[in-house]
Amino acid sequence: MLIDTHCHLDYADFDAERDEIVTRAHQAGVKQLVTISTEVRKLDRLLAITEKYPSVFCSVGTHPNHAGEELDIQAEDLIRLANAHEKVVAIGEAGLDYFYDTQTPADQKTGFIRHIEAARATKLPLVIHSRSADEDMIEILTTESGKGAFPFILHCFSAGPDLARVGVELGGYISFSGILTFPKSQDIRDLAKTVPMDRLLVETDAPFLAPKRWRGKRNEPSYVVNTAEVLAEVHDVSYAEIARITTDNAFRCFTKMPRL
Ligand SMILES: [Zn+2]
Ligand SMILES: [Zn+2]
């Protein structure tokens, strides 16, 4: 079995066939899914999806590309929402995205630090989005961890080795997406090899970034199988072994998510 630790099932891309997508995931052995929040204002929609599908859990948070739109949301709000709902098992996704600079770095940092506070208080894993921001991410993670540890995941990892190393040193998990399978991603595969087995997670980030076997198609949770296959090759273990390891890691990381 596998767990897709990061997808966006609420996106309109899936409206026409959400039932089928969840069924296909289960048939592919992807037994549990975490659909990730990008706007706290839209949490109700995510919660409705998690209520409909017992195997789907969610997070609560503001994506850095929306940071400036949700600066009214404080750490206390995130904590309250996470505690109020059984199916909210993580905080985020939050972080820094300097690739799409629609939001100022200052707003992104403000929002990110509030999410860190919420993760520290709830002990729920913080799903971190970091793109083209390695230096600032390393600085914030190091400083904030110094104030008090918090669990976190560097999701859809495609950053440099320094961020991966710091993430592992600070106790974080590194989650790999379809990017790991792309022919041009040899550097990411080399890096994945250096990540300790007990910190590896897999995800789709669907509907984005379909792995190699379905390149160019809309991504969906069942496709996480291809990423796990490549991760198994990289670590020179069997598919069954990588499935067991990443699933155990997911349950160790998402402490609030029951094993169904
Ligand atoms: Zn992201
Ligand atoms: Zn995402």
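These questions and answers cover a predicted model, its zinc site and its sheet.

Residues are numbered from 1 along each chain as its sequence is written, while chains are lettered from A and ligands numbered from 1 in the order written. Local features need pLDDT of at least 70, side-chain atom pairs count only at pLDDT 80 or more, and totals for chains, interfaces and linings use all residues; side-chain values use heavy atoms, with hydrogens and water left out.

Reader: What makes a residue a donor of the zinc ion (ligand 2)?
Author: Donors are N, O and S atoms within 2.8 Å of the metal (3.2 Å for Na, K and Ca). His6 (NE2), His8 (NE2), Glu93 (OE) and Asp205 (OD) coordinate at 2.1 to 2.5 Å. Water is not among the atoms, so sites may look incomplete.

Reader: Why is the site of the zinc ion (ligand 2) called irregular?
Author: Four donors count as tetrahedral if all angles lie between 85 and 135 degrees. They count as square planar, and six as octahedral, if opposite donors are over 155 degrees apart and all others between 65 and 115; anything else is irregular. Here the angles among the four donor atoms are 85 to 179°, and the site is irregular.

Reader: Which residue coordinates both zinc ions?
Author: Glu93 does, and the two ions are 3.4 Å apart.

Reader: How do you know that strand 5 and strand 6 pair?
Author: Strands are DSSP runs (E, at least two residues) and helices are too (H or I, at least four), numbered from the N terminus. Two strands pair if DSSP finds at least two bridges between them. Strand 5 (residues 126–131) and strand 6 (residues 152–154) have three bridges, in the parallel sense. Val127 stands opposite Ile153.

Reader: What makes strand 1 and strand 8 edge strands?
Author: The open sheet has eight strands in the order 1-2-3-4-5-6-7-8. Strand 1 (2–7) and strand 8 (200–202) each have a single partner strand, so one side of each is left without a neighbour in the sheet.

Reader: How do you know that both faces of strand 7 are covered?
Author: Buried means under 20% relative accessible area, exposed over 50%, partly exposed in between (1.4 Å probe, protein chains only). Tyr173 and Ser175 on one side are buried, as are Ile174 and Phe176 on the other.

Reader: Why is the crossover from strand 6 to strand 7 called right-handed?
Author: The test has the strands pointing away from the viewer; the path from the first strand over the helix to the second must run clockwise. The chain crosses from strand 6 through helix 6 to strand 7, and this β-α-β crossover is right-handed. Strand 7, helix 7 (residues 186–194) and strand 8 also make a right-handed unit.
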